[in-house]
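Work through the exercises below with the sequence and the 3D view at hand. Each task is followed by a solution in steps.

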Amino acid sequence: MSVLEKIKNNQRLGYEDAIKLYDLDLFELASIANDIRREKHGDKTYFNINRHINPTNICKDVCQFCAYSASRKNPNPYTMSHEQILETVKNSSKNGIKEVHIVSAHNPDTGLEWYLDIFKKIKKDFPHIHVKALTAAEIHFLAQEYDLSYEQIIEKMIESGVDSMPGGGAEIFDEKVRKRICGGKVTSQQWLDIHKLWHKAGHESNATMLFGHVESREHRIDHMLRLRDLQDETNGFNAFIPLVYQKENNYLKVKDFLTGQEILKTMAIARILLDNIPHIKAYWVTSTVKLALLAQEFGANDLDGTIEKESIQSAAGAKSANGMPLKEFVDLIKNSGFTPVERDSIYNEIKVW
């Protein structure tokens, strides 16, 4: 039976068949993925009004793809004070944010209590704001630094007011690629284990995949299928976010950037394979707004949010440093033929624009 026949018969694809999806015509893939997207979400494109805060760029690890951490490529180390972070949240709260997304480097000088205290302060002053914070990579780093188990770190996060976990740090699960691009960081199995524990604690998270650097199509498929397996077990992932690699100011020296076609094929394949993860997010920060909007016809149904300010991807060349105004965001979605739906962090609908 061909791959297309299996899809038509609602059969789950395994690794070998999934690889063959890349050989299909771009628009054939788009048609399949768009059908799945519309069956699940109609013409809705989700977004949230959020604020990204990246508290420190001083990092113990030296990931080859990273342009954010303080290094020879970025000789401007910084660490925000709690007062600066709270002032940022206060100002953003006036703009109606529903979520604060806190992700940063693996800074051995700030400490576990530094993070936990700021989460508590945000929750105390802004109880209505959802706190999405600490990637699995950061949890692994803190567990190592303080000789604590993942369960202990997770318990402390929840007690301090963290509502959900972002999906960062996954990069590509293949360990050979991982050794080259982020050796010494959380391993693929550790990343999966941490999310499994988070889900078992009754909380939800997202999952990412960084692609377009030194990985192959086969590595991408392997990555997605490992996520699908964990989702079968825990049902804790809200969204899958394929992050397009940004090539400036880092050490990988990737010369050939992905084509738009390859990015869109990967988005469509994600929608086809990840039948148990409800949302596919085309994160406009890494793919550009135009391509992210086009991806809504290739299986994606979410764009992330207004973000206000972003430091990690923009350090590597993304045009996202100052986020996007809400009206512009809504108008872009409408003009693309979709219905803008403001959501909360776990995809409850707040407002149809």
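**Exercise 1. The sheet and its helices**

Which residue in β7 does Phe240 stand opposite? Then place the strands in their sheet and describe the helix that packs on it.

Solution. The model is a predicted one.

Step 1. Opposite Phe240 stands Ile280 of β7.

Step 2. Strand β6 covers residues 237–244, and two bridges join it to β7, the two running parallel.

Step 3. The sheet is open and has three strands in the order β5-β6-β7, with parallel pairing. At its edges are β5 (205–211) and β7 (279–280), each of which pairs on one side only.

Step 4. Helix α9, residues 188–200, packs on this sheet and touches β5 and β6. The direction of α9 makes about 160 degrees with that of β5.

**Exercise 2. Two helix pairs**

Describe how α9 meets α10, and how α3 meets α11.

Solution. Two packed helices are described by the angle between their axes and the distance between the axes.

Step 1. For α9 and helix α10 (residues 217–234), the axes come within 11 Å and cross at roughly 25 degrees. Angles under 35 degrees count as roughly parallel, so α9 is roughly parallel to α10. The crossing is right-handed.

Step 2. On the α9 side, the contact involves Ser188, Trp191, Leu192, His195, Lys196 and His199. On the α10 side are Arg226, Leu227, Leu230, Glu233 and Thr234.

Step 3. Helix α3 (residues 26–41) and helix α11 (residues 260–273) have axes that come within 9 Å and cross at roughly 45 degrees. That angle makes α3 oblique to α11. Here α3 passes α11 in a left-handed crossing.

Step 4. Residues of α3 in this contact include Leu26, Leu29, Ile32 and Ala33. Among those from α11 are Gln261, Leu264, Lys265 and Ala268.

**Exercise 3. Strand β4 and helix α6**

State which way the residues of β4 point, name its partner strand, and explain why α6 counts as largely enclosed.

Solution.

Step 1. In strand β4 (residues 130–133), His130 and Lys132 point one way, while Val131 and Ala133 point the other way. All four are buried.

Step 2. Strand β3 (residues 99–102) pairs with β4 in the parallel sense, over four bridges. Within this pair, Val100 stands opposite Val131.

Step 3. Helix α6 spans residues 136–146, and eight of its 11 residues are buried, so the rest of the structure largely encloses this helix. The buried residues are Ala136, Ala137, Glu138, Ile139, His140, Phe141, Leu142 and Ala143.

Step 4. These buried residues pack against α5 (112–125), α7 (150–159) and α9. Just after α6, Asp147 has a positive phi of about 50 degrees.

**Exercise 4. One residue in its surroundings**

Is Thr88 buried or exposed? Find its helix and its contacts as well.

Solution.

Step 1. Thr88 belongs to helix α4, which covers residues 82–94.

Step 2. The relative accessibility of Thr88 is 14%. Buried means under 20%, so Thr88 counts as buried.

Step 3. A polar atom of the Thr88 side chain lies 2.9 Å from the backbone oxygen of Gln84.

Step 4. With neighbours within four places in sequence left aside, Thr88 is in contact with Arg51, Ile53 and Met80.

How values were computed
Residues are numbered from 1 along each chain as its sequence is written. This is a predicted model: local features need pLDDT of at least 70, side-chain atom pairs count only at pLDDT 80 or more; totals for chains, interfaces and linings use all residues. Side-chain values use heavy atoms; hydrogens and water are left out. Buried means under 20% relative accessible area, exposed over 50%, partly exposed in between (1.4 Å probe, protein chains only). A polar contact is a pair of N or O atoms within 3.5 Å; within protein, one must be able to donate a hydrogen and the other to accept it, and residues adjacent in sequence count only if both atoms are side-chain atoms. Contact means heavy atoms within 4.5 Å. Two strands pair if DSSP finds at least two bridges between them. Axes are lines fitted to C-alpha atoms, for helices over the stretch in contact, and angles run from 0 to 180 degrees between N-to-C directions. Angles under 35 degrees count as roughly parallel, over 145 as roughly antiparallel, 65 to 115 as roughly perpendicular and the rest as oblique. A crossing is left-handed if the near helix is turned anticlockwise from the far one by less than a right angle, and right-handed if clockwise.
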